[in-house]
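Trainee: I should like to learn how strand pairing, burial and contacts are read from a model. May we begin with the strands?

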Amino acid sequence: LATSRRYLTTNTFVADSLFRSGDGANWANLGVYSTDGGDKGDYAVSDDNKVFIPRSDGLNGPYFDVSADNGDTWTATGNLTNGINSVAVSATGDTIIVGNTNGVRYSHDGGATWNDATGGGWGHSENGGAAVLPNGDVYVAGPGKIYKSTDGGQTFSDLTPDPWIVMTGISHFHYHRPSAKFFIKNGPYGLLESADCITWTGVPALEAGGITDLAYSENY
């Protein structure tokens, strides 16, 4: 995460609980923060430590619970009407990008209002398949394509990756700011890296597949 704290959501009977840790070993239960038991997808933390967790009230569709005080209090955003498969936020949390089965939606006001993005034919976006770069460019990964936006997620154009194996299955798409590189788990081909989402190379010793998740810190 972009913060030294770690967060974990888990389903407890019919409601979700949020846990927080400062060292990864000791965890504090912040309690049940919603009662529908419906954590709906990936979550994100902005550079200024706002936490965005997808929720759904079962009537008006999904939204985000947002906390600016390390999970002590929560404020709901506006509803998205469609599901949440992936999410990325800008440094201050004003821009939020959401990928779902109907495409990509964006908000430039912290989630108060939402709009449909145009210019892509992604079909659906993989879980964790979005990134907002420090310069404001937005990348969204679909099943076999990666799409880029230079206007804050309003319009996208598709990129043509090399080699072709990138198009056989993209998941766990991450942008690692310290190295300015993108990383993806790519089906049976293991972990790949790129500086531009076009030219991809295998990461040594991790090209044999078998990866189920990715996480990173400033140094690793």
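Mentor: Let us begin with one residue pair. In this predicted model, Gly99 stands opposite Val104 of β10.

Trainee: Which strands pair here, and in which sense, parallel or antiparallel?

Mentor: In general, the strands of a sheet pair through backbone hydrogen bonds, in either a parallel or an antiparallel manner. Here, strand β9 (residues 96–100) pairs with strand β10 (residues 103–107) in the antiparallel sense, over five bridges. The two belong to an open sheet of four strands, ordered β8-β9-β10-β11 with antiparallel pairing. Its edge strands are β8 (86–89) and β11 (115–116), each of which pairs on one side only.

Trainee: How should burial be read for Ser194: is this residue buried or exposed?

Mentor: Burial is judged from relative accessible area, with under 20% counting as buried. Ser194 has 3% and is therefore buried. Ser194 lies in strand β18 (residues 191–194).

Trainee: Which residues does Ser194 touch, setting aside those up to four places away in sequence?

Mentor: They are Lys181, Phe182, Thr199 and Trp200. In addition, the side chains of Ser194 and Asp196 are joined by a polar contact of 3.0 Å.

Trainee: Where is Asn60 found, and how does its accessibility read?

Mentor: Asn60 is in the loop between β5 (51–56) and β6 (62–67). Its relative accessibility is 44%, so Asn60 counts as partly exposed. Beyond its neighbours within four places in sequence, Asn60 is in contact with Asn79 and Thr81. The C-alpha atoms of Asn60 and Asn82 are separated by 9.5 Å, with the two residues 22 apart along the chain.

How values were computed
Residues are numbered from 1 along each chain as its sequence is written. This is a predicted model: local features need pLDDT of at least 70, side-chain atom pairs count only at pLDDT 80 or more; totals for chains, interfaces and linings use all residues. Side-chain values use heavy atoms; hydrogens and water are left out. Buried means under 20% relative accessible area, exposed over 50%, partly exposed in between (1.4 Å probe, protein chains only). Contact means heavy atoms within 4.5 Å. A polar contact is a pair of N or O atoms within 3.5 Å; within protein, one must be able to donate a hydrogen and the other to accept it, and residues adjacent in sequence count only if both atoms are side-chain atoms. Two strands pair if DSSP finds at least two bridges between them.
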